[in-house]
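Grab a coffee and open the model beside these exercises. Try each task yourself before you read its solution.

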Amino acid sequence: MKPLRWFPLLLLLPLLWDRAAPAHSQAPAGEPTILLADEQFASGPLRDEPAVRAFLQAQGSFLASATLEPVKGIPMPAVQSLVFLGEAYSVSPALLLTLADMEMGVLSAGQPTRAPQTLADWFRQRAMILSRWFYDAYYGIAGAPNRPSPGGERVPPAGNAATYALRNYFFTHVYGGGEPVAALAAWEELLQRRYAATFGPPLGGKARLAPPTPADWQELPALRLPWPGGEVWHLTGGPHNFDGSKRLPLSGVDFQPAEITGCNPPIAADEWVVASAPGLTIDYQTHWVKLDHDGDGDAATGWQTVYGHLAYRIPDGAWVRVGWRLGSPSCLGGYAGGVHVHFGVKYENVWQPVEAVRLSGWAFERGEEAYEGGMVREGGVTRQSCYHSEQPLMDCTHAAVVSDNRARIRRTGFGLE
Ligand SMILES: [Zn+2]
């Protein structure tokens, strides 16, 4: 039985789920199988803080009022943390909660079964490692197919990035002995059943996500620098990943208002981060704004731009034009050495390399280390990131960039002049 063939069965006869054969169990070694659709892995059904909060409260989970650390040393409410991790690492809150429930009973237990710090570290570290495997497969640079299965039959190849990531996860963090293929099959069956019971069909949505084609890139609207026209901001972070490593994708860059240094005060209340292109605000997070540029409200389709570390953010469901205010830059919502905005681009809710993006004609170049590098414009004009690992933000004059976004903001119902 091929995995995709029993998806309709799931829709029609959900009660038969327990009796159905697991998708992978009868697939011959060598035939790729899919355990979880890539769309469920990267987006899933719980995408914003209100949805996660409502879900945890309905479950009676202690996580509804717990604290986690999506960035080490920076505690946030678990609801906010789960959406942050989902956004930063493209590992959906639904998947993280399913795995956490299988290993620690976080949805069923009335009380946490792990110490708070252990729990906080679990969510951060598992999201990070799952993300690395997912992106390795997404960019086609995955290592040997799955993990070795010593002495046993071969594990069937993974049919998508989610399956590759989850199988590596199993053999690295879950596998406790026994015949590897049988142990994996039992775990995959349990994962699919738990996911289906809680969140719906694990094979729902797009089975495979892949980097955008040249035709897809044509659909990304022209992007402007994300602060008001005429203002000078500094490039304080060249291309970097969320885990601080040089691993792909180097999806983000950081900009800071020129007159601002450090995090005291933590919000630049008189400064504004503005839209790079027209879009719809979606996927509510306390300190992050996401614009959906195809306007269908679904991050799993089309292009999005993401603006991190905002205070006084615009509500979701607003259609904004280029240059309209999204919020004030701040040190909130993740790690920040100074008040800034973290800017990045997603396709189908998956981060894309910022080096493939142009902002007001500027291109980005990676440096030797994450956060280094700079910007270059036609004619050879360059700006180097003023990130210094030893002495942060000492001298940023070589990183000054003037925005050509809209200079004056019209009345938008938000952030009026
Ligand atoms: Zn950043």
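**Exercise 1: strand E6 and its partners**

In strand E10, Val320 is the bridge partner of Gly279. Before going on, note that the model is predicted: local features need pLDDT of at least 70, side-chain atom pairs count only at pLDDT 80 or more, and totals for chains, interfaces and linings use all residues. Residues are numbered from 1 along each chain as its sequence is written.

Task: find which strands E6 is joined to by bridges, and in which sense they run.

Solution, step by step:
- Start with the terms: strands (E, at least two residues) and helices (H or I, at least four) are DSSP runs, numbered from the N terminus. Two strands pair if DSSP finds at least two bridges between them.
- On one partner, E10 (residues 319-320), 2 bridges join the strand to E6, and the two run antiparallel.
- With E7 (residues 288-292), E6 pairs over 4 bridges, again in the antiparallel sense. Here Ile282 has Lys290 of E7 as its bridge partner.
- Follow the chain from E6 to E7: a hairpin of 2 residues joins them.
- Finally, check burial, where a residue is buried if 20 or more other C-beta atoms lie within 10 Å of its own, exposed if 12 or fewer, and partly exposed in between, with C-beta atoms placed from the backbone. In E6 (residues 279-285), 5 of the 7 residues are buried, so the strand is largely enclosed by the rest of the structure.

**Exercise 2: two open sheets**

Task: work out which strands stand at the edges of the sheet E5-E11-E9.

Solution, step by step:
- This open sheet has 3 strands with antiparallel pairing.
- Strand E5 (273-274) and strand E9 (310-311) are at the edges; each has a single partner strand, so one side of each is left without a neighbour in the sheet.
- E5 pairs with E11 (residues 325-329) over 2 bridges, and Val274 stands opposite Arg325 in E11.

Now take the other open sheet, E14-E15-E16-E17, with 4 strands and antiparallel pairing. Its edge strands are E14 (358-359) and E17 (381-384), each pairing on one side only. E16 (residues 374-377) is joined to E17 by 4 bridges, with Arg377 opposite Val381.

**Exercise 3: helix H4**

Task: what span should H4 have, and is the helix mostly covered or not?

Solution, step by step:
- The expected span is 1.5 Å times one less than the number of residues.
- For the 12 residues of H4 (residues 78-89) that gives 16 Å, which agrees with end C-alpha atoms 16 Å apart.
- H4 is mostly covered, with 12 of its 12 residues buried, including Phe84, Glu87 and Tyr89.
- Just after H4, Ser90 takes a positive phi of about 55 degrees.
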